[in-house]
Amino acid sequence: MRVLLDEMVSRKLGRELVGHEVSTVPREGWAGLTNGVLLDTIDALFDVFITMDRGMRHQQRLTGRPFGIIEVRAPSTAIRALLPLVPGILGILDTIQPGAILTVGTGAGRP
C-alpha cells in the first residue's frame with residue numbers, strides 16, 4: 001500500500017509500517033496546505049492517508065475519496081505514544097477500502 005502520513009503524525013511511524021510504501025506530507029512538498037486542498041491533492045496518488053486530526057472528519061468531505069483514511073487517536077504525536085497502535089494500524093492497512101474512514105487508538109469507538 002502507498003501510505004501518506006499527515007504533518008502531525010511522527011514520520012518515525014513510517015519505519016514501523018513494514019511492507020508498505022510510506023511518505024509524509026512534508027516530503028511530498030505539501031506542508032501547510034489546508035485540509036481540503038491536501039485531500040484533493042492526495043487524490044489517487046496514495047492508497048491510505050493517516051492523520052491525527054480529529055476535526056477533519058467534521059470539517060471535510062471524506063467519504064467517497066479514492067483512498068482510505070485512518071484517524072489515529074493517541075495521547076500525543078510522539079512515536080512512543082504511537083508505537084502501541086502499530087499492530088492496529090497494520091491490521092487496518094490490510095483491509096481498508098477506498099473511501100473508508102477508520103479509527104484506531106484511544107476513544108476509537110467514539111465518532
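In what order do the five strands of the open sheet lie? They run β2-β1-β3-β4-β5, with parallel pairing. Please keep in mind as you look around that this is a predicted model. Here is a short tour of the sheet, the cores and one loop residue.

**The sheet**

- The edge positions belong to β2 (21–24) and β5 (101–105); each has a single partner strand, so one side of each is left without a neighbour in the sheet.
- On average, neighbouring strands of this sheet are turned by 25 degrees against each other, direction ignored.
- β3 pairs with β1 in the parallel sense over three bridges, and with β4, also in the parallel sense, over four bridges.
- To find these pairings on screen, look for Leu 4, whose bridge partner in β3 is Phe 49, and for Thr 51, which stands opposite Glu 71 in β4.
- Side chains of β3 point two ways: Val 48 and Ile 50 to one side, Phe 49 and Thr 51 to the other, and all are buried.
- The helix α6 lies across β1, β3, β4 and β5, and runs at about 160 degrees to β5.

**The nonpolar cores**

- The largest nonpolar core has 21 residues, and Leu 17, Ile 50, Ile 70, Val 72 and Ile 89 touch the most other members.
- At least two residues of this core come from each of β1 (2–5), β3 (48–51), β4 (68–73), α5 (79–82) and α6 (86–93).
- The largest share, four residues, is supplied by α6.
- Leaving aside residues up to four places away in sequence, Ile 50 touches Val 3, Leu 4, Leu 5, Asp 6, Val 9, Leu 17, Ile 70, Val 72 and Ile 89.
- There is also a second, separate core of 12 residues, and Trp 30, Phe 46, Met 56 and Phe 67 are among them.

**Met 8 in its loop**

- Met 8 is found in the loop between β1 and α1 (13–16).
- Is Met 8 buried, partly exposed or exposed? Its relative accessibility is 42%, so Met 8 counts as partly exposed.
- Not counting residues up to four places away in sequence, Met 8 touches Met 52, Asp 53 and Thr 77.
- One of these contacts spans a stretch of the chain: Met 8 and Asp 53 are 45 residues apart in sequence, and their C-alpha atoms are 7.6 Å apart in space.

Key: Residues numbered from 1 in each chain as written. Predicted model: local features only at pLDDT ≥ 70, side-chain atom pairs only at ≥ 80, totals over all residues. Heavy atoms only, no water. Core = buried A, V, L, I, M, F, W, Y, C linked by side-chain atoms within 4.5 Å. Buried < 20%, exposed > 50% of the residue type's maximum accessible area, 1.4 Å probe, protein only. Contact = heavy atoms within 4.5 Å. Pairing = 2+ DSSP bridges. Axes fitted to C-alpha atoms, helices over the stretch in contact; angles between N-to-C directions.
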